[in-house]
Structure formats: structure tokens, C-alpha cells
4 protein chains.
Amino acid sequence: MGAGMARNLLAAGHDVAVYNRSRDKAEPLTKDGARLADSPGDVCRGAEAVLTMLADDAAVEQVVFGERGIASSLAQSAIHISCSTISTALARKLTSEHATRGQGYLSVPVFGRPEAAESKKLLVVAAGNAEWIERCNPLFEAMGRQTFIVGAEPWQANATKVCGNFMIASMLEAFAEAFATLRKAGVAPHSFLEIMNALFASPVYAGYGRLIADGKFEPVGFALRLGLKDVRLALQTAEECSAPMPFASVIHDQLVNAMAHGQAEQDWASLAKVAARNAGL
Amino acid sequence: MGAGMARNLLAAGHDVAVYNRSRDKAEPLTKDGARLADSPGDVCRGAEAVLTMLADDAAVEQVVFGERGIASSLAQSAIHISCSTISTALARKLTSEHATRGQGYLSVPVFGRPEAAESKKLLVVAAGNAEWIERCNPLFEAMGRQTFIVGAEPWQANATKVCGNFMIASMLEAFAEAFATLRKAGVAPHSFLEIMNALFASPVYAGYGRLIADGKFEPVGFALRLGLKDVRLALQTAEECSAPMPFASVIHDQLVNAMAHGQAEQDWASLAKVAARNAGL
Amino acid sequence: MGAGMARNLLAAGHDVAVYNRSRDKAEPLTKDGARLADSPGDVCRGAEAVLTMLADDAAVEQVVFGERGIASSLAQSAIHISCSTISTALARKLTSEHATRGQGYLSVPVFGRPEAAESKKLLVVAAGNAEWIERCNPLFEAMGRQTFIVGAEPWQANATKVCGNFMIASMLEAFAEAFATLRKAGVAPHSFLEIMNALFASPVYAGYGRLIADGKFEPVGFALRLGLKDVRLALQTAEECSAPMPFASVIHDQLVNAMAHGQAEQDWASLAKVAARNAGL
Amino acid sequence: MGAGMARNLLAAGHDVAVYNRSRDKAEPLTKDGARLADSPGDVCRGAEAVLTMLADDAAVEQVVFGERGIASSLAQSAIHISCSTISTALARKLTSEHATRGQGYLSVPVFGRPEAAESKKLLVVAAGNAEWIERCNPLFEAMGRQTFIVGAEPWQANATKVCGNFMIASMLEAFAEAFATLRKAGVAPHSFLEIMNALFASPVYAGYGRLIADGKFEPVGFALRLGLKDVRLALQTAEECSAPMPFASVIHDQLVNAMAHGQAEQDWASLAKVAARNAGL
């Protein structure tokens, strides 16, 4: 994800320094004009803003609060823009920790797979101090096709992001159950998919529906274990807000089932295998 | 629904006789050239095919097997086309009962609200004897924008239809849960909806999402108690096929909750009130 | 079940005629003094009351409304006592159909396995006209260890019975999930069972818990497909009453899963295999 | 809880020092012969073992790793016995942190309400190093009526404890659903409870069943928010073990619903209000 985002920032004329634990993942970006940094802190050198795009809470905590991390290196008044799908709890911690240091913080998660990042088609969801959002807006415009501002507190963007991923996961489970029942009824999955495409007319339905109808869960666009993480975050957010989410609970159960059957590193559309197995298929 | 379908059949040049228990619902169609029949059996007089579009199993049984009903009136070789959302069990009964009488039977449920029926935009799902389907195809083309053939046994179309409605109901419940959590998180439903529209790019999401975000459940496009009937049919079909559908079970529970709170005659998008209430909203 | 009940009625000094579709199941009772009848109607000859104990709604309908059935043979003022676990809908139909014929009707389902029937340890749940219940009380006392009167309308006893079976099924599923998690945590099922026995101190927990911990689902005390029927009846009752039962929905899903894996004729404690499979065990 | 346990240790002849954040909760124990300590570390002075009985992970972390905490004060070879219902993750951290300091660690959660602690009727569940368990056994015997050893790794006792609490919570939800349906069917909760008592013959069913049938959720034996914590821990344990627990998910949803309706500080049997509300009661 990060590579595509960086390339679009460079293309828009920004000065960009890049860092990745695996140096060879960041290095190709130097051809596009990026400076290769040797630590998160080194990225912050002279920066007005630093973006993080990482797998989970632990990775973000490490990069921010670890040795030569962002917290200790970012200039006062500079802004940390966290694009990762992290917990609302961590977003609140980042908000207060950066504030303590006179630094800004925004939660700016994005919707879109790596291809969307490359082709500047991400949906950008921002929350936090309105002035900072405005200041950073050129960056958002360089990376995505549309920016949505959802609140004045950064964690609200994280809540929004996990609820959005929950919407996609719900579509996956619904497809999974309908396909399983219909396969046992002798109705071809592709026939049903064709009808659903006529009905919903959504590229997301068409894309994921096809993966499931084809039973094709590689290459991996988004690993199932990360999908489980996101649904767990949705349930945590819901519990914080005292809002029950029974669909999220069902999806969580099914994803745990998938983990028990060795699907951690398959695309999360392979969630559909659970409903199939449960039907004896 | 029936009125729009009849009008499109007339517009395509077919001879049409119409019957409705409430005579004043059928009468306006005489202006479009329909003959007003005084019983289901009277509709069958001289007919090559008879279409039924009714609320539930009981209504279809009454019209087919009741006095002056279709079963006793339809000519041999003529075909009964059932467009209602009925149980697979009744579809199998109709298949065999009509066969006993030398009559044809097809299950041809449709997707689309009354406006879609009027504007010839229904999605037509047909199952049964291939030759009969071909013979009736001009009727399907007159009524809908696309026809899908899903199997050689009529009940397979009914299974497909209830699974399709289940897909819509799943979207409703997913929206309901996400909106409830986000409202409690201080994120405006319309902001989230805007993002989901950018993400899914589906008119179905846009339409239902707006009803829920607006909290506007009237006028009633599809009554909640009929939605409950359809989800019950999906669960019955799934049980027949030995395929568990946990999402359908959750939706069933939520719809029963809605019934207990007096929502039977509201639009089924009001399912969303359940998740809101459960979150204390 | 029926044999044990008949034997206890005979032992209490009642005149008993018996009928079973499989004559050899009823015949042994002649040694205890029963008259062998050759049809349900023949059982009714001279009877003040007739008891039915059958597998499901269809079997009861056949025996009551079929040729040489109870409805056409039972004397006016005599009482039909239905001990089967049937739907509330059928109970209401039996109530009104018998009333039309001047016959009495009571729903009197029982709790207990065949051994309990033999040893006069059934729990008898009765509902209906209070006077009739009083008149039949000697029969209930002859068959069970305790009688509970739950309402003036027969179907209330059926609602009570399916809710009671739901309580047992809930215990099975709870055990299933706890055992699955703990087995994966390396905790022995029998260790956990020992703690649960100390905690709940219930013979029902001890008995079923042991079946599951042992993984021993034969001989079959109560077939899983009948358990599915009962949970379906509980969900139907709940829907009639507009009361959501999410636990019943989960159990239904798990039992359908079990059906898809060929467990229809195993003891319903084998429900526990589903949670184990879902955990990859 | 802690007071009753301490009193029984004193009664068995052990030397006991006590500490509580609220000094007035610990002080009465001095009459029974306890030494009043002024910090967790002070409790450890000269101790062979130290027991902790606290509300949650955070409280245990504070008492162990905080200033004047157990970790820095406990003698080498002395043993920390954690009786709190904590996460398996924290149990593993305590195991390794104490090991690093040459201290022993056992997870020894208990089943039983405060009255059971006072009357020496706790069920004691122990896991960890077998030799340490043997050494501490006199303490367990002084506090409870039975001790169960479930594994060689401390966290296994925590997994067992949260699964045990899950079993109780499942019984609560099952009762809740059955009572709600039957109330709407016109069957009195106390009638149903009487039958369930005859069926399960369990004091736990009788006790909780009565609280729910009476609708009496005060005084508070165990606060609902702590029940939510325990079910959350069960789901975390299940996820770690890759074992889906759909019942636990339903209970979690219902408890979150209860939180949204202001029931945090009521007895967790008030979970039953959720099913009642959902049925429109």
C-alpha cells in the first residue's frame, strides 16, 4: 500500500522520504525521487508531516514510540498522519501523546486495495483538528479520488474505517451463505452471481462475488488474518460505544473457524469456505 | 406488482384477462385493454398461460386449489407461471399437482419493487421445463429487463429468489449495525453513507442506505412482515438443503424483534430500528 | 416411550388398549394385560381417554384424522391426551377439531427418556380445560413423578415443552463450545466436566456432559433429527409470540450443520461434534 | 471475596498480612489476627506466598508491577498465586516475569460468590508447576471445598475459569429467552422454573432462575459489567485457541445491549432483561 501512496505524493511534487523495515521494499521508490531513510525518526527529519501505513497496532506503536521513532523525532507543529487500520484506543493514545509533545495527529485510514493506491483511487477518511486536515489536504488529494471528513476526534475515522470493512465482510458472509445453500439446491453460483450483479450493480459485489464463485483465493489481496483483526477492532469499537453488532459477531466466529482450518494467509474472501464446509460441501 | 406486469404484457400485444380479490384494483387495467375476470378460473378461460402474483403460500393455494381455481380451470398443456415468492415446498406441490392434470408449471419469481414492474425493469428468474420456459419467454421479455434461467426444477427459482432477498436483508442489517455504532461514536450516518456509496457504487446501497440514514420508513415499498416471511422461507430452504445460514438466523431474530415492536406494516428497511434500539438510541 | 407409559397405566389398574403401526412393538404389552387394538380407532372403543405418543405433527395428524382415526372414533365427552412434542399450531387445530366433535383435548407432553417412562419418573406438563385435567390426573400420576399445570389452553403445554427442550439443547451447545476451546487449550474435557459437576450439581449436566466428554453418541437416547424438529418448533413458537431467541437460532444452525455431516440418527448430544469440527478438531 | 478467603486462611492457622486500596475494607481482618500491610509489597515481607484477588487485568498489573508492588518485593522462591479472573495473556506475562525474578507463579481462580468464600465452599482451579501446586495445597484446602488441577501452564486455569463462567452465562441467556417466549405465551415464569428445577435439579438453576423469574437484580452478587469482562475474556481465549464460540458471541452482544441500557452495575442475571425487551415486554 505504502509504495503506491508514496509514488502519488512524489508525482504531485512533494518531497518524500521513505522507510520500511525491509529496505528492499522502500528502495525502488528512490527512482521516483524519494529519499531513503534509515529509521522512522530519519523520515521525520525536516518533515512537515509523516504518514504511517502499517499492519496493526503493535507495528504502529513500535514505529512511533520505539527507538528512533516518530514521537521523539517529529518537529513541533508537524503532523503525524496515521493511515493504518488501528484501534480507536491507540488512536486516542496517539492523539494525546503527540499533543503532549506539541505535535499534531490525524487518523486518516483509506479504503482500497494496493492497485487502488497505485492508481490514486483510494477513498480517504480523515478525522481530527479541522485546521490540520485542511493543511494536509493536498496530500490526501494526491493519494485518493475522494476525501471524507468524519469528525473532530481522530479515533472517529478509525471507527468509520472498521465499520466500512465490516460492511464488506458482511457482503462476503452473505454471499458465502447464499452460495452454499444454492449449491446444495443445484443452482450454479455463477448464475446467482449474474443475478446479484444485475440487482446490486456494484463492482465490489462483482469482484468479490466472482472470487467466491470461482473459489479462487489467490493471489491474496487482503489476508484473512488481517480481516479477522479488522472485525475484532469493529467489535471493540462497538463495545466501547455500547452498540451490539450481531453480524460482526457471526463474522468473527466464521473467521476464527477459518483460522482453525489454516486459512490465515489466504484472501479473506476465503471466509466463504466456512459456510461451504458447514453445509458439508 | 401485478398491475404493472399486466400493463407491460398488454403493451407488448398480448391478450390479457385480470383478476383480483378487490375488483377495484383490477378494473383500471380494462382501460389498457384487459378483460376483467370474475374468478381465477375465469382468467384461465382460453388462456395459454396464467400468471399468479400473490402475497404468500396461503394465497397461492387458495387461488390454485380453491373453488373456481386455476387447477380445475386451466386447459391441458397450458402453463401456470407462479411469480410469487413462495416456499420451495409449495413449488414442488404445484409442479406435481399441475403435472397430474396435464398442465405445465413454472416458478418465475421476480426482483423489483412496484415501480420496476411498471417500468419493465424487473429481473425475471425462471426455473422448470426448458421447453416451457422458451415458450413463455416472450412474456418474460415483456415484463422485465433481463431473464435468468436457474434450473430444470421450478423450486430452484424459489430458492434463488429467497436467497436474493436474503442478500438485500443482509445489507440492511449490516447498515443498521454500522449506523448504530457510528451514531454512538458521533459520526453522522450521512457521512458514512457517502463513503459507502463511493465504495460500493450500488444504487441498492444508495437507496436503502438513504432510507435508513433518513429514518424514513414510509411510504412502504415492501412491508416488514413480508420480509420476515421471505427470511423464514430462506431458512426453510436452507434447512431442506442442510446448509446453515447464521446471517439469516440473525436477521430472523431482528425481524421478530421488530414485529414485537409494532413494525409489521412499516417498510422492511425499518429493520434498522432494532439495532438502534439495542444500542440504546 | 409409549410402552413404558402403558405399562405404568396397567400397573395402576387401568384398562388399556394399545396400538402401534409395528404390531410387534405393541404386542409385548398384552402380557401386562393390555388389549391389542388393530387401529387408532379401535383403541378408542369404549375408552374414556386416549393417549397419543408419536414422533411428530404428521404422525399425529395421521392417527387422529386418518382412516379409522381417533377423531372419527372417540366417544363424545371422552378426552384425547396428546403427549407428543408437536407444534402449537397443531395443538390449536386439535383443540378446535375435537371440540367440534364434542370430544375433549389436552396437550400433555412429558420430559424424560424411555428409561424414565419405564420407571414412572416422567415430568408431566399439562394444559387445557381444568376439569378435564382433574379428571385425567390419575393417569398422569400413574405415569410420572410430578405433574405441572401450565395453562388453560392446550398449546401452552406444547410451548412449555419445546422451551424445556431448548434449555437442554442450550446446555449441550454450551458444553460443546467450552470443551472445544479447552481441548485446544490442552485442558482435558473430563477435568472440566468434574468442575462443572461440582458447580452445577445437576444429573442432567453430569449425564450429557459425560456423553460429550467421552464422545460417545450411541446408543441413541434421542435422535439428533428429532432435536432439530424440537428446536424448529421452539423457533416457530417464539415467532408466533414475537419473541426473538438468538440461542435457539444458533442451535438450529449447528444442528443443520450436523445434519449436513450425516449425524441425523446419532444421539443429539453429538451436536458437540459441530463445535469441535469448527475448531479444527 | 478476598476477606472471606483471608479469614479462612487465618482460621486454618496461617500467618496472613492483608492489603486493600481501601484501608477500611482490610482493617476488620485484624480482629481475626491479620497484619494490616500498607502496600502490596509490604504484604510480601517474609511471605512464602502472596495471593491476589482483584477485579481485572489492570488492577493486577498495578499491584504486581506498580510502585511497591509484588514483583519487586516478593522473595525468590516465594510464589504469587493469582486468584483473579484475568486474561490468559496476562497469566503468561506473569509466568515469565516472575520466572525472570526467580519467583513462582500459579493461576488459581475460584468459582463461588462472596458467601461461598466466607463459608469455605469455593471451587479452586489450579494450574502451573506441579511442585508449587503441592506446596500451596494447604492454602487451597483452607479456602475451598474442592481443588481441581487442570494443567502445567498457569494460563490453562484462566481458560478453564472463563469457560466455566461462560457456562453460567449460557444458562442465564437460555433462561432469559425461554422466560420471554413463555411470558408472551401466557405461561407463568415460576411454573416454568418449577419444571426446570425438577428437570435439572441444580441449585445454580434454582438460584439464578429465581432471580430472573422474580425480576430481582439487587443486591448485586456479581456486577453485569464484570460478566461482560469475563465473556470478553472467554472470546479472547477462544480466538487464541482458534475455536469459535457462537453462544459466547450472542451473550457478548446481549451484555453490550444491557450496558447500553444502564445495567452495568446490576447483577449479571439482569442479562434477562434484554431478551424481555427484545420481545417487547
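This is a short tour of how the chains of a predicted model meet.

**Stop 1: chains A and B**

Select chain A and chain B. Their contact takes 53 residues from chain B and 53 residues from chain A. Now keep to the chain B side. Which elements of chain B each supply at least two residues to the side that touches chain A? Two are strands: S7 (122-127) and S8 (144-151). The others are helices: H9 (155-184), H10 (189-200), H11 (203-214), H12 (224-240) and H13 (246-260). Color them on chain B and follow them in order.

Pause on H9(B). This helix gives the largest share of the side of chain B that touches chain A, 16 residues.

Next, color that side by residue type. How many of its residues are nonpolar, polar and charged? The split is 35 nonpolar, 14 polar and 4 charged.

**Stop 2: chains A and C**

Hide chain B and show chain C with chain A. Here the contact takes 6 residues from chain C and 6 residues from chain A. On the chain C side, 2 are nonpolar, 4 are polar and none is charged.

**Stop 3: the axis**

Stay with chains A and C. A rotation of 180° superposes chain C on chain A, with 0.0 Å of shift along its axis and an RMSD of 0.0 Å. That is the relation of a two-fold axis. Both copies use the same surface: 100% of the contact residues of chain C recur in chain A.

Which residue of chain C comes closest to the rotation axis? Select C:Asn278. Its C-alpha lies 4.2 Å from the axis. End the tour there.

Conventions:
Residues are numbered from 1 along each chain as its sequence is written. Chains are lettered from A and ligands numbered from 1 in the order in which they are written. This is a predicted model: local features need pLDDT of at least 70, side-chain atom pairs count only at pLDDT 80 or more; totals for chains, interfaces and linings use all residues. Copies are superposed by least squares on the C-alpha atoms of residues with pLDDT of at least 70 in both. Two residues are in contact if their C-beta atoms, placed from the backbone, lie within 7 Å. Helices (H or I, at least four residues) and strands (E, at least two) are DSSP runs, numbered from the N terminus. Ala, Val, Leu, Ile, Met, Phe, Trp, Tyr, Cys and Pro count as nonpolar, Asp, Glu, Lys and Arg as charged, and the others, Gly among them, as polar.
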